[in-house]
Amino acid sequence: MVCIRQATAEDLLQIQNSNLWCLPENYQLKYYMYHYLTWPQLIHVAENHKGEIVGYVLAKMDEDDGAPAHGHITSLAVLRTYRKCGIATMLMKQAHARMQEAFSASFCSLHVRRTNMAAFHLYSQTLGYLVHEVEAGYYADGEDAYSMRCYFEAPEVAAQKKSVAAAQKALAVSSSVAAVAAVASSSSATASSSSSSSSSAVGNGTPAAGGASPAASSSSGAANGEAAAGDDKDVAAAAAAVADVSLNKGGTTKPGSSSSSGGSMGKKG
């Protein structure tokens, strides 16, 4: 089992050892240290289950005049017993990802010997690199090199995305300003409305001239109820008095006798 991780300072000696075992292009330890101190995000190693470094990729950022920001693969190596396992592909993809995330690289470049067909196949077929030019006598032994590039996106697309991002940023700023202004205006309107509502409530609590307050209305209702009850008692008393007068006029009669007029008619007959 092999894992890909970012290199640390303690890995530099093992990285150098892997380079000596795998490649004819070798570097002094200070060169690895320079890369580590300048672009620590772009050095990755493949580590086996024993903690041994079995592969690495050493990358950097190029700052050519007039060229967009782009990365460059300085060295890539995998021990022979760990080849054909996709380790080199994983190392390269990790380097590509970190170039884009950390430095917004638009493409990555590298050099490969014209006779190194295994590496050329990896770069061109698996990773999508294109031959940019052939550099004659690039290597110390005089061999030519393919200068290859892998574009993460077309230059036109990159420029368009950059302009769109700038426009979106400006729009976001203007929208934020408008939102803050709207909130401030809404707060002012709410404060004014609350103040006017408070004044209206105080005015409604004071009875108008000639009007009656709730307490007065309640007292008036109670007085009217008492007057109505008194009237009912008076009517009942009047009815009882009328009945007494009628009985006194008719005289005393026995139960079941007719009225006084009826009794006089009977006597005449």
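**Figure 1. Gly128 and the buried side of helix α4.** Just after α4, Gly128 takes a positive phi of about 80 degrees. The model shown here and in the other views is predicted. Within α4, five residues are buried: Ala119, Phe120, Leu122, Tyr123 and Ser124. Strands β4, β5, β6 (130–135) and β7 (145–151) pack against these buried residues, and so does helix α3. Two of the buried residues, Ala119 and Tyr123, also belong to the group nearest the centre of the largest pocket.

**Figure 2. Thr89 of helix α3 and its contacts.** Thr89 sits in helix α3. Is Thr89 buried or exposed? Its relative accessibility is 16%, so Thr89 counts as buried; the cut-off for buried is under 20%. Leaving aside residues up to four places away in sequence, Thr89 touches Leu122, Thr126 and Leu127. Of these contacts, Leu122 is itself one of the buried residues of α4.

**Figure 3. The largest pocket.** The volume of the largest pocket is about 1,100 Å³. Two or more lining residues come from each of β4 (70–78), α3 (87–103), β5 (107–113) and α4 (117–126). Which element gives the most to the lining? Strand β4 does, with seven residues. In total, 37 residues line the pocket. Nearest its centre lie Leu23, Leu76, Asn116, Ala119 and Tyr123. By residue type, the lining holds 22 nonpolar, eight polar and seven charged residues.

**Figure 4. Ser109 in strand β5.** Ser109 is part of strand β5. Its relative accessible area is 8%, so Ser109 is buried. Which residues does Ser109 touch, not counting those up to four places away in sequence? They are Asp62, His70, Gly71, His72, Ile73, Met148 and Arg149. A further pairing is with Met61: Ser109 and Met61 are 48 residues apart in sequence. In space, the C-alpha atoms of Ser109 and Met61 are 9.7 Å apart.

**Figure 5. Helix α1 and its two faces.** Helix α1 spans residues 12–22. Its buried residues are Leu12, Ile15, Gln16, Ser18, Asn19 and Cys22. Why do these residues line one face of the helix? Seen down the axis of α1, they fall within an arc of 160 degrees, so one face holds them. Turned away from the buried side is a face that carries the exposed residues Leu13, Leu20 and Trp21. Cover for the buried residues of α1 includes α2 (29–38), β2 (43–48), β3 (53–62) and β4.

**Figure 6. The loop between β4 and α3.** Lys84 lies in this loop, and Cys85 has its place there too. Phi of Lys84 is near 65 degrees, a positive value in a residue other than glycine. How is Lys84 placed, buried or exposed? The relative accessible area of Lys84 is 85%, so Lys84 is exposed. Cys85 reaches 53% relative accessibility and therefore counts as exposed; the cut-off for exposed is over 50%. Cys85 and Val2 are 83 residues apart in sequence. Their C-alpha atoms are 9.6 Å apart in space.

**Figure 7. Ser104 in the loop between α3 and β5.** This loop contains Ser104. What is the phi of Ser104? The angle is near 55 degrees, a positive value in a residue other than glycine. With a relative accessible area of 57%, Ser104 is exposed.

**Figure 8. The whole chain, for orientation.** The chain has seven helices and seven strands. In what pattern do they follow along the sequence? The order is β-α-α-β-β-β-α-β-α-β-β-α-α-α. There are 269 residues, of which 25% count as buried. Contacts between residues at least 6 apart in sequence include 60% that join residues at least 24 apart. The accessible surface comes to about 17,400 Å². Carbon and sulfur atoms account for 57% of that surface.

Methods. Residues are numbered from 1 along each chain as its sequence is written. This is a predicted model: local features need pLDDT of at least 70, side-chain atom pairs count only at pLDDT 80 or more; totals for chains, interfaces and linings use all residues. Side-chain values use heavy atoms; hydrogens and water are left out. Helices (H or I, at least four residues) and strands (E, at least two) are DSSP runs, numbered from the N terminus. Buried means under 20% relative accessible area, exposed over 50%, partly exposed in between (1.4 Å probe, protein chains only). Contact means heavy atoms within 4.5 Å. Accessible areas come from the Shrake-Rupley method with a 1.4 Å probe; for residues, only the protein chains shown count as cover. On a 1 Å grid over the protein atoms alone, a cavity is a set of points where a 1.4 Å probe fits but cannot get out, and a pocket is an open set with protein on both sides within 12 Å along at least five of seven lines; lining residues have an atom within 4 Å of a point. Grid points are joined across faces, edges and corners, and a volume is the space filled by probe spheres set on the points. Ala, Val, Leu, Ile, Met, Phe, Trp, Tyr, Cys and Pro count as nonpolar, Asp, Glu, Lys and Arg as charged, and the others, Gly among them, as polar. The arc is that of the directions from the helix axis to the C-beta atoms.
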